[in-house]
Amino acid sequence: KGQNRGERGRGRGGWQGGCQSVSEEMPKYITVSTFAQARAAEINAMLKAVAQKSSNSLVFQTLPRHMRRRAMSHNIKRLPRRLQEVARKEAEKAVHQKKEQSKTKCRKARRRHINLVAEFNRRQRKNIWLETHIWHAKRFHMVKKWGYCLGNSPTEKSYRACYRAMTEHCLLQDLSYYCCLELTGRENELLKQLARICSIDTGLTFEEACCLSGRFEGSLNLYRADHYPEDMLGPVTFLWKPRDGSENRQLWIWVHPALKQDILRELKAIFQCSEPEEIYIPEPVATSIQEEKRMDVVLTLGKKRKKEDKEGEKAVPVKKIIGDGTRDPFQSYSWISQTTGIVISDKTMEILRYRLIGPLSHSVLTETLKAASLQTEMADSETELNNWWVENCKDSEKVSLHQRQSAIFELLEGISSPSEMPPGTILGLTVGDPRVNLPKKKTKAVPDFEKYQGRDMHQSWSCAQWKPLSDHTDDPDNDKVRQLYLEGVPVDCAHSFIWDQDICKNVTENKISEQDLNHMRAQLLVPGSHLDLGPCESKIPILLVQQPGKMAGEDRPGWGSGWDIYLPKGWGMAFWIPFIYRGVRVGGLQEALKHSEYQRTPHTPNDFPDSQAGMQFAKELEATLLEKFKRRPPAKRANYVKLGTLSPFICPWGQLTKNWEVRMKASGEFVPSSPHRERCATEGHSFCYPKEEVVKEASPKTGEAEETMEITSSEGALKTEDVTGTQDFGERDETMTTNGFIVLRSEKLLMQLSAWCYPTAGRDRRVRLISRLGQKDMTEDIFLPILMSYPRALVWVNLSLLRKGNPELHAMICIPTEDDLLHLSKDKLFCGPQEPKHRDIFKHKVQKLKEEKKKKKKKENMKALEGDPPSVPDKETTEEHEDLILGLWSDALPDVTSHCSRTLLGYVTRGDFSLAAGCGEALGFVSLTGLLYMLHKQPADKKGLVLLRTPASLQYRFARLNIEV
Amino acid sequence: MVRFKNRYVLCEVVSEDPRCRQCIEDRAVGLAVRDAIGRVHGDYGLACCSISFTVKYLNAYTGTVLLRCRKDSYRLLCSALPFVRQLESRNQRYPCFLNTLHVGGTIRTCQKFLIQYNRRQLLMLLQNCTNEEERRCIQKSLLSCSLTEEQSQSGDEEDDDGTETD
């Protein structure tokens, strides 16, 4: 009986479980005491049940309507007193969800300019704010990335509008978060070391003549010193300062912030720059002068500020942070080498960079910027405003240079699209204050049709690519435009004062504040007329750099070209607003991603899986995707085990390449006959000489084996060669411990591969291509050496879907079987084969684990009831198994290539419906070995056809694989 | 918000035979009630009543049973309850009848009613008791339940917004 009571006494469960079975030893007669006790027990159980709050509603919701009061949810005292205790507990529970009411000051005080600036400065201390931050924060979804606060995408609906801006008008983007590393030193010293971190194989190097002269901007991929093709650091763009007679050259290397630390460390290592240069402390003198000036302005405006009255003269207004707010002022940001005198300085946030994308970007530029007027007299002898410019204007040579530069800049208007300029053209310029000629209303900048009537002004890319020169009238202006079009910008025009640090500082410090400018505007006699500042107008040195847009591939050449504009810091908003007033659209990180996707270029750091930053990015992406996946209820998730997707959140590149290597070795498919073998060995080495050096250094054994091979006759060579081959592989395994794979970036090989990817038969397309590219046929003795020398390589490819389908992130690229291809050629509407459903082999495990956990919990509860502390090893075991999630592959990955019915070739890193191409397009990497294997096997007219499957689907779709170089 | 409205019928199993308590279990009670409805109202009535019909609570010691059915058909149920004459389980059948105590709109009101009802019963018992030992026993049990009441006083008081009963 006591037992029964105990059962009933378990609170709520007690009364619900009240349907007890009657035990056999039930008394057969009624006594008063049992009767009474039974009633009492029931009353207890009922009381408990009634006392419990039934639903998960708040306390005040249980009150009848006539007792409710307005502010009950905020103010506990509005509740009846008997409920206040419960409500207080509830409020405490919910307090962490509520936003903290931290502000002690009232809103008016908080919004006062001084306090606002102080607050902004405080918030900038952790993450760097761009100068356009406030503007962006009002219009964009902001994300914290790479130590910056960046606009991700506009809050308004603008996906298609941004694409249209890119293709037809102009898209503006703030790229100031890119970091500039400045190298100063003698040219040959710089080049000698820089040659170690890049390779001629991948395209440009720092030595490229046209870049070295400072005429063009170049872009290249950096590797760890002497490690090419392994240990990728990341892509950079670089500019040389044009030669100006002095011995030292200046080089700017622009890197993505995610790569900055790696590259900076490597640069410091190769130049042996460990010595920090003398600490640069921003002189307080200059700032205090400005502050005083500001104080004066404030005081003349009328003594409104109570703060100053209260605290007297000592109250120093807070200064707005310009540049990097997170920097420690006492830490040095430049390093000097003792032996060579080379200086590396980190100029993060010192130079701003805006990017204009679109065919009309230079009409926006020409409308916004006006070349600075010459000035021979100082406006005010006290200030330093424009003193560098005045000095400059005294030199006739420099004046003529400025005039030539501005002439070329004005001619830009006559060119219909930036893609017509040679890629990477640099034009230096000195311009006046762009705020002065701000239009009254936001207008759309369009090219002036009247002025260049002879030329057909096209706004679309398709027509802009080819223009017969004879069409032009003999207008002298047109002649000049044609000349510019043919010859590009001359070298000397690339010079700009932005390279000079002192001038930049002067320009930044002597900027007329927005307030003063507005004040002067208000005092104009005719409201709204043009404000002529005369000699007071600031002159700003800038640099314009052409961005080439889409260069590889056949369709849409020059798509997405535009101009980059480099400004000295502090002038961000002064240039930003005038650009906005010319009708440009502003994009964020997402738009930049789309831009590079439509251009089919790799994006930093998403598409560099072999660099540190790329790996880091992939890991973060996996974590977020997994988190998102876990948030769904298990029944509503895709079961990736059943779908045959081994790793839906991260691409196992290392595993993929390794599996392909093993596969090739095991199948022996490409083991050639003996005469081939020798040649392939030699050619293989010639194909990748740096690689071979690495191998040789690492393995004296291989060298020995090779020697023996030379001695022995050709018949006997087979065996030894085999041995060396395997040894080679072994050695490589050791050398490639860091990543396990490389990404093929050698232009020569990529060209070759690209030619092979086209169908040979059919429309007879390939004959044309071969004749054009001068490529060899795909025979064994050509591709075998490639295979041998790059056993674990990835190739960057782009895929466009033949029919339906929309590729997604981490979609799988697979090899179609012969049946699939046959089916495709027979049935025009065939979408693609289906993957048979897999069995979830982990389901039982997961369930068992769950049950065990439940049991353990129960046990622990019991123990806790008994008073025992839970034993420690128990917990550890439970944590070990925590990562078993239903629907995900939880073991070590098996052979990824052969897990599904179609052999896996690679993964998609970015894929979406392409507005530019009008079909689904994807970018990704495939294994080089797999690609060659597939191309070799495929019939001539079906070359380059692959299957795509998104991770959460069983449907394969046909796609065409392309390699664009 | 729209919900299905139910009626909860609180009844008491009264039997001469103390052994009857053995067969008070939810299956037996449910079957007996269904049987009675079928006899009185026919197939139609049985079908009407059996929508969401369950025995929500049952206490064999006190013989309390809480039945649930839809609001539309509770009259059919209530009118059939007097026709339950016996309970049958484990091949034993004992004569008994059901005494309807209360019909409520929520379980909560039924619980509240049950508390009051039981308390009243105990008090009646206290008044009618004959010897000293019984008196002590009843007092003790009364005190025991009032003690819990004091503990959960705040909770008890919060529920004075009684939902309307039928």
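Q: Which residues does Leu884(A) touch, if residues up to four places away in sequence are not counted?
A: Contacts are a matter of distance between atoms, with heavy atoms within 4.5 Å taken as touching. In this predicted model, Leu884(A) touches Lys845(A), Leu849(A) and Ser890(A) once residues up to four places away in sequence are set aside. Leu884(A) itself sits in the loop between α35 (872–880) and β20 (904–914) of chain A. The C-alpha atoms of Leu884(A) and Gln847(A), which are 37 residues apart along the chain, are separated by 10.0 Å.

Q: His595(A) is another residue to read in this way; where is it found, and is it buried or exposed?
A: Begin with the element, then turn to the accessibility and the contacts. His595(A) belongs to helix α22 (residues 589–599) of chain A. Its relative accessible area is 8%, so His595(A) is buried, the cut-off for buried being under 20%. Apart from neighbours within four places in sequence, His595(A) is in contact with Met166(A), Ile357(A), Trp559(A) and Gly560(A).

Q: What do the buried residues of a whole helix, such as α9(A), pack against?
A: List the buried residues, then ask which elements they meet. In helix α9 (residues 187–194) of chain A, the buried residues are Leu190(A), Leu191(A), Gln193(A) and Leu194(A). These buried residues of α9(A) pack against β5 (179–186), α10 (209–212), β7 (232–240), β8 (248–255) and α11 (257–271) of chain A.

Q: How many salt bridges does the structure hold over all chains, and which residue forms one with Glu266(A)?
A: Over all chains there are 29 salt bridges. In one of them, Glu266(A) is paired with Arg224(A), and the closest N and O atoms are 3.2 Å apart. This pair links distant parts of the chain, for Glu266(A) is in helix α11 of chain A while Arg224(A) is in the loop between β6 (218–223) and β7 of chain A, 42 residues apart. With a relative accessible area of 12%, Glu266(A) is buried, whereas Arg224(A), at 34%, is partly exposed.

Q: How should the salt bridge between Asp564(A) and Arg355(A) be read; what is the distance between the closest N and O atoms?
A: The closest N and O atoms of Asp564(A) and Arg355(A) are 2.9 Å apart. Here too the pair links distant parts of the chain, with Asp564(A) in strand β15 (residues 562–568) and Arg355(A) in strand β12 (residues 351–357) of chain A, 209 residues apart. Asp564(A) counts as buried at 0% relative accessibility, and Arg355(A) is buried with a relative accessible area of 18%.

Q: Why are Glu597(A) and Lys594(A) separated by about one helical turn?
A: They are 3 residues apart in helix α22 of chain A, which means a separation of about one helical turn. Glu597(A) forms a salt bridge with Lys594(A), the closest N and O atoms being 3.4 Å apart, and both residues are buried. Elsewhere, salt bridges that share partners join Lys550(A), Arg600(A), Glu921(A) and Glu964(A) into one network.

Q: Arg600(A) appears in that network; what is its phi?
A: Phi of Arg600(A) is near 60 degrees, a positive value in a residue other than glycine. Arg600(A) has its place in the loop between α22 and α23 of chain A, and at 10% relative accessibility Arg600(A) counts as buried. Met349(A), likewise a residue other than glycine, has a positive phi near 65 degrees. Met349(A) lies in the loop between β11 (343–346) and β12 of chain A and is buried, with a relative accessible area of 2%.

Q: Turning to the peptide bond, which residues are joined by a cis peptide bond?
A: For a peptide bond the angle to read is omega. Thr604(A) and Pro605(A) are joined by a cis peptide bond whose omega is about -10 degrees, and Pro605(A) is found in the loop between α22 and α23 (612–631) of chain A.

Q: Which residues gather in a patch of positive charge on the surface?
A: The patch consists of Arg107(A), Arg110(A), Arg111(A), Lys138(A), Arg139(A) and Lys442(A). Helices α5 (107–110) and α7 (133–139) of chain A each supply at least two of its residues. Lys442(A), by contrast, is in the loop between β13 (426–432) and α17 (461–464) of chain A, and counts as exposed at 55% relative accessibility.

Q: Finally, how many helices and strands are there in chain B?
A: Chain B has 5 helices and 6 strands, and along the sequence they follow the pattern β-α-β-β-α-β-β-β-α-α-α. Of the 166 residues in chain B, 48% are buried. Among contacts in chain B with a separation of 6 or more, 69% are between residues 24 or more positions apart.

Methods
Residues are numbered from 1 along each chain as its sequence is written. Chains are lettered from A and ligands numbered from 1 in the order in which they are written. This is a predicted model: local features need pLDDT of at least 70, side-chain atom pairs count only at pLDDT 80 or more; totals for chains, interfaces and linings use all residues. Side-chain values use heavy atoms; hydrogens and water are left out. Helices (H or I, at least four residues) and strands (E, at least two) are DSSP runs, numbered from the N terminus. Buried means under 20% relative accessible area, exposed over 50%, partly exposed in between (1.4 Å probe, protein chains only). Patches are made of residues with over 30% relative accessible area and no salt bridge: like charges are joined within 9 Å, nonpolar side chains (Val, Leu, Ile, Met, Phe, Trp, Tyr) within 5 Å. Accessible areas come from the Shrake-Rupley method with a 1.4 Å probe; for residues, only the protein chains shown count as cover. A salt bridge is a side-chain nitrogen of Lys or Arg within 4 Å of a carboxyl oxygen of Asp or Glu. Lys and Arg count as positive and Asp and Glu as negative; His and the chain ends are not counted. The place of a charge is taken as NZ of Lys, CZ of Arg, CG of Asp or CD of Glu.
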